[in-house]
Amino acid sequence: MTLIQLCGDVALEPNHEDPESMIPDRSSAPTASISKDRVESEAAGDFDHDDCQEQSIAQMERYAIDKQIGKGGMGLVYHAYDSTFDREVAIKVLLKNYQGRDEACQRFFQEARTTARLQHPGIVSVYDMGISDDGQPFFAMKLVEGRTLSELMKTENKTQLQYSRLLDVFARVCQTIAYAHSHQTVHLDIKPSNVMVGAYGEVHVMDWGLSRQLGKSPIELTPICPAAVEHISDEQLSMILSNSKIIGTPSYMAPEQARGHHISVRSDVFGLGALLCEILTGKPPYEGSSFRRIYRRAARGSLDKTYQRLDACDADPAIIALAKRCLAREENARPADAGTIATQITTYLESSKERAERDLCRFFELSMDLFCIASLDGYFKRVNSNFSRVLGYSDSELISKPFIEFLHPDDVQQTIRAIGTLAQGDSIAAFCNRYRDSGGNYRWIQWNAKSIPQDNTIFAVARVVDGPDG
Ligand SMILES: Nc1ncnc2c1ncn2[C@@H]1O[C@H](COP(=O)(O)OP(=O)(O)OP(=O)(O)O)[C@@H](O)[C@H]1O
């Protein structure tokens, strides 16, 4: 039975109405499974993920396998110890069901080679590849100790601080993809589960298994006839996509990538927009109760609801506009490449930090109070101009000596006790001591302070009072 008719260069007209309404009721349709969540070209097939429960890898001479730490569309990832270099590594092993399939093996090693060729702090280093002692294709790479962006987004609540942290992660992803674009490589599967944030804040773009090397022109695929995917099962759709060499994850896919027209750097630009959309709204551009529904939305570029969702979120309009530009249905309406987005988001983040700093300084200047940031080991790190006005010293004089040197000798012990209280994480309120001014006179100063012990930092606000009782 012929399931599909592949046609020539057919474009799907984006449906600006609710795409769900056009889909016959197939409430019994299976929901997207892991293997179908991502569309793969050569290796797609009858893989059963339950089988990987039974897959293990024998210990190797160089690598001592510890435990499984991840599972992806093509492989299992293990934590291991590399005895040659005395270090921990991650080892990815091709899933058992793909072993013995030449194309799948080639693609697996191609992933290792591409990742190794791209040398950038945002891409894990590949150390080794080969066949394990028990005959399984594997490659060894830097072990990233951290969490995926999708895990981070689930746990982070969206305070302003965490939101700007996620935007920082996004900027780093853009820089990494920009580097890949400058080496004519497109990733084609940008999504939160393919971004890992390490324990020290390092950001890695993972899973270059679907990446492609671009020539001078975009890579042409085999376009899918829209009618072919209207009334078919998820399994049939998987097969059609596989035959058309369509690759990616439908929830995050550019329309031209999903339709099988072609792929270019602007397909990755859409992927970056999809990542930004999930950071801003908590959801990817396309949602649906089944793989088929999500795929159809992607192929049609049914983005009206996505744009509405973005408009309704409480992010800065400049960032919403950037996300919408990246998610433009028409490729030419998107930013030219990841480098352009990296510049825009970095400029935005720097200017918002500068703005926040400027606003803060204006408040400091308006106030008659003394503001300072100090360290728990007894030095001012930063003081506002009121310190100089009140005490007559320059900022550098105040910062260069332990603050205890300015104190009245009778106030030293109780000040040390107050710092002890702050070091425990407790605040102090209306604490008074005397500071010597540049003329040798002592001024009573009343402090309110709190600390962040893990940052070794005290934040304090003070004012001159007539005596300990004000
Ligand atoms: N170098 C690494 N260090 C630590 N953990 C890793 C490393 N590489 C992968 N992992 C973990 O293994 C999981 C599976 O990774 P993998 O690249 O095989 O697939 P994936 O990107 O999650 O899935 P898919 O291939 O289906 O898109 C990751 O989500 C991550 O948690």
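This report walks through the domains, the ligand shell, two sheets and a helix pair of a predicted model.

## Domain layout

Let's start with the big pieces. The chain splits into domain 1 (63–142), domain 2 (145–348) and domain 3 (366–464). Take the centres of domain 2 and domain 3 over C-alpha atoms, and you get a separation of 50 Å.

## Around the ligand

The ligand has 23 residues around it, and Gly70, Gly72, Gly73, Ala90 and Asp207 come nearest. Four elements give two or more residues each to this shell: β1 (63–71), β2 (75–82), β3 (87–94) and β5 (137–142). The largest share is that of β1, with three residues.

The shell isn't the work of one domain: domain 1 (63–142) and domain 2 (145–348) each supply at least three residues. If you're thinking about chemistry, the shell breaks down by class into nine nonpolar, eight polar and six charged residues.

## The sheet with β1 to β5

Next up is the sheet that holds those strands. Its five strands run in the order β1-β2-β3-β5-β4, and they make an open sheet with antiparallel pairing. β1 and β4 (126–131) have just a single partner strand each, so one side of each of these edge strands is left without a neighbour in the sheet. Going from one strand to the next, the twist averages 25°.

Now zoom in on the β1 and β2 pair. Seven bridges link these two strands in the antiparallel sense, and they form a hairpin with three residues between them. Two pairs of residues help you find your place here: Gly70 sits opposite Val77 in β2, while Lys71 has Leu76 in β2 as its bridge partner. Gly70 should look familiar, as it is one of the residues that come nearest to the ligand.

## The sheet with β13 to β17

There's another open sheet of five strands, this one with the order β14-β13-β17-β16-β15 and, again, antiparallel pairing. Which strands stand at its edges? They are β14 (380–383) and β15 (428–436), and each pairs on one side only. Here the twist from one strand to the next averages 30°.

At the β15 edge, the neighbour is strand β16 (residues 442–452), and the two pair in the antiparallel sense over seven bridges. A handy marker along that pairing is Arg434, which stands opposite Trp444 in β16. A helix joins in as well: α14 (residues 412–423) packs on the sheet and touches β15, β16 and β17 (457–465). The direction of α14 makes about 140° with that of β15.

## The α10 and α11 pair

Last stop, two helices. Helix α10 (residues 317–326) packs with helix α11 (residues 338–366) at an angle of about 170°, and their axes are 11 Å apart. Angles over 145 degrees count as roughly antiparallel, which makes α10 roughly antiparallel to α11.

What does each helix bring to the contact? From α10 come Ala318, Ile319, Leu322 and Cys326, and they meet Ile341, Gln344, Ile345 and Tyr348 of α11. By class, that contact has seven nonpolar residues, one polar residue and no charged ones.

Definitions and conventions:
Residues numbered from 1 in each chain as written. Predicted model: local features only at pLDDT ≥ 70, side-chain atom pairs only at ≥ 80, totals over all residues. Domains from an automatic or database assignment. Axes fitted to C-alpha atoms, helices over the stretch in contact; angles between N-to-C directions. Parallel < 35°, antiparallel > 145°, perpendicular 65-115°, else oblique. Contact = placed C-beta atoms within 7 Å. Nonpolar A, V, L, I, M, F, W, Y, C, P; charged D, E, K, R; others polar. Near = placed C-beta within 6 Å. Pairing = 2+ DSSP bridges.
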